[in-house]
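Visitor: I am new to this structure and would like to learn how to read its features one at a time. Could you take me through them slowly?

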Amino acid sequence: MNHSKQSHVLILVNRDRCGICGCCVAVCPPNAITLHDAYLAVNNETCTECLKCIPVCPTHALYDVPAEPVAVPGGGI
Amino acid sequence: MTLRDEYDLLVIGGGPGGATAALVGARLGLDVLLVEKRQELGSPVRCAEAIGYEQVAPYIPIDERWVCAWIDAFRVVGPSGSAVRLPPTSPTAVVERKVFDRELVNEAVKAGATVRAMTRVTDVISEDGYVRGAKMISLGQEIEVRARVTIAADGPESQVGRWAGFKTSPRLSEYYSAVQYLLAGITLADARECQYHIGNEIAPGGYCWIFPKGPDKANVGIVITTTFEPHGRSAQDYLDAFVERLYPEASILGMVLGGIPVGGTLKQIVDDGIMLIGDAAHQAEPVTGGGLNLAMFAGDMAATVAAQAIAHGDVSRQALEPYAKQWQKEHGKAINAMSRARHMALKFKDDRYEKLIGLAADLPLSEMSAFDIILKVLRHDPALLFHAREIIFA
């Protein structure tokens with residue numbers, strides 16, 4: 001997996017893998033990820049595309065896709 | 001039922017740190033409200049569940065309902081299977097955190113604190129640079145609760161800390177990515193022994209653990225440092241390989257995940273009207289990532305200082321600073337040294353781990369003082385002295 005910064009990506013959550021633990025929330029510099037009680041939300045408006053959240057997730061539930069519309073594995077944003 | 005709109009002390013987060021802060025605050029006569037965003041206290045836990053039980057005794061009586069296994073020894077296993085058995089540094093038990101957390105919070109309630117689950121803080125109340133409580137949604141209702149002092153015990157992802165202006169976000173090199181299974185249907189050779197498995201292929205920048213929760217059950221987990229992970233694999237990928245090798249037939253009764261800041265305590269942990277404790281303040285021990293006992297010490301210290309500050313009518317950063325000073329003196333310096341030790345170990349190749357384990361295995365550890373052990377190890381691996389100097393004097 002290439003974690004280098006691409007221009008304009010969206011961070012998506014694979015809901016089948018996400019354990020809503022908040023591991024990614026802590027490392028997100030602009031605080032663009034929010035852990036609700038049973039739901040992880042990524043705000044791609046405030047996301048700076050640093051991609052720190054991707055390797056740090058214990059189950060690799062987060063992934064990036066080009067910002068253009070694409071087919072979304074695992075259920076989407 | 002209805003919460004008041006003002007308390008002396010607001011504690012945000014119902015883990016062991018927050019519960020201890022609420023308990024000690026209430027014992028000192030403060031009006032305390034503890035809020036927890038989850039629907040239930042003690043669930044889900046993000047923990048391998050080993051505790052030093054003598055250290056929790058001042059806060060909660062030891063109770064067989066939450067003790068799963070008493071621990072006699074720790075075994076450190078190297079990359080090619082060599083091992084050394086070490087006595088625990090303090091009496092240790094593996095506990096059922098779901099029960100332990102709830103009972104600890106109940107101790108706070110018995111001491112007079114008010115506790116409310118399913119209450120999510122949405123922002124702090126800021127006035128003249130002071131934190132004066134928090135806005136929250138409690139059981140579905142938006143409310144504001146004012147407090148003279150607010151203690152943020154809201155974990156590694158602390159939002160309260162961020163809203164209050166603290167720099168809480170860890171660097172990836174100072175952060176463990178962690179996952180753990182509760183395995184059943186396994187046979188443990190020694191159900192009173194905790195195991196650590198180290199090696200760059202097993203757990204890059206971290207380790208795997210096997211903590212018994214009875215004769216046929218164990219927490220089997222992993223922490224890795226993702227900046228030392230070369231293959232693009234997740235913590236779970238490494239844990240799955242470890243479990244496949246050791247317990248291919250095991251059942252998985254549960255899975256917990258999380259991240260642990262291990263770069264040492266944040267430089268600033270108090271500000272006007274607010275204090276950070278536990279993982280929110282990065283107070284875990286950096287090598288193991290263990291933070292339960294430390295969070296409880298911090299909760300005690302913070303609540304004690306908060307009570308003094310409230311009694312004197314001054315909750316400024318300066319008045320709350322004794323908590324940070326005491327923390328630094330009693331634990332912070334040691335934690336920073338362990339952080340440097342962690343960075344030293346991160347650079348080790350597997351043969352270095354093997355050599356150190358082989359060396360330690362040949363020593364009569366139970367008859368030696370820590371100083372003797374250090375001298376002996378340094379004689380066999382003098383290059384460590386160079387690193388040790390960095391650890392002790394940096």
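Guide: Let us begin with the nonpolar core, bearing in mind that this is a predicted model. In soluble globular proteins, nonpolar side chains tend to be buried together. Here the largest nonpolar core has 140 residues, and those with the most contacts inside it include B:Leu9, B:Ile151, B:Ile222 and B:Ala302.

Visitor: Which helix gives the largest share of this core?

Guide: That is helix α6 of chain B, residues 292-311, from which 13 residues of the core come.

Visitor: With which residues is B:Ala302 in contact, leaving aside its neighbours within four places in sequence?

Guide: B:Ala302 is then in contact with B:Ala21, B:Ile151, B:Met275, B:Ile277 and B:Tyr323.

Visitor: How should I read the side chains along a strand?

Guide: In a regular strand the side chains alternate between the two faces of the sheet. Strand β2 of chain A, residues 33-36, shows this alternation: A:Ile33 and A:Leu35 are buried and point to one face, whereas A:Thr34 and A:His36 point to the other and are not buried. A hairpin of two linking residues leads from β2(A) to β3(A), and the two strands run antiparallel, joined by four bridges. Within that pairing, A:Thr34 has A:Ala41 of β3(A) as its bridge partner.

Visitor: What is the order of the strands in the open sheet of chain B?

Guide: Its seven strands follow the order β6-β5-β13-β14-β15-β12-β16, with mixed pairing. The edge strands, each pairing on one side only, are β6 (83-86) and β16 (251-261) of chain B. On average, neighbouring strands of this sheet are turned by 15 degrees against each other, direction ignored.
At one edge, β5(B) and β6(B) pair in the antiparallel sense over four bridges, and B:Arg75 stands opposite B:Arg85 in β6(B). Helix α8(B) packs on the sheet there, touching β5 and β6 of chain B, and its direction makes about 50 degrees with that of β6(B).

Visitor: How can I check the length of α8(B), and where do its buried residues lie?

Guide: At 1.5 Å a residue, the twelve residues of α8(B), 350-361, should span 16 Å, and the end C-alpha atoms are indeed 16 Å apart, so the two agree. The buried residues of α8(B) are B:Tyr353, B:Leu356 and B:Ile357. They are on the same side of α8(B) because they cover an arc of only 100 degrees around the axis. As a general idea, an α-helix has 3.6 residues a turn, so residues three or four places apart point the same way.

Note on methods:
Residues numbered from 1 in each chain as written. Chains lettered and ligands numbered in written order. Predicted model: local features only at pLDDT ≥ 70, side-chain atom pairs only at ≥ 80, totals over all residues. Expected span 1.5 Å × (residues − 1). Buried ≥ 20, exposed ≤ 12 C-beta atoms within 10 Å, placed from the backbone. Arc of directions from axis to C-beta. Pairing = 2+ DSSP bridges. Axes fitted to C-alpha atoms, helices over the stretch in contact; angles between N-to-C directions. Contact = placed C-beta atoms within 7 Å. Core = buried A, V, L, I, M, F, W, Y, C linked by C-beta atoms within 7 Å.
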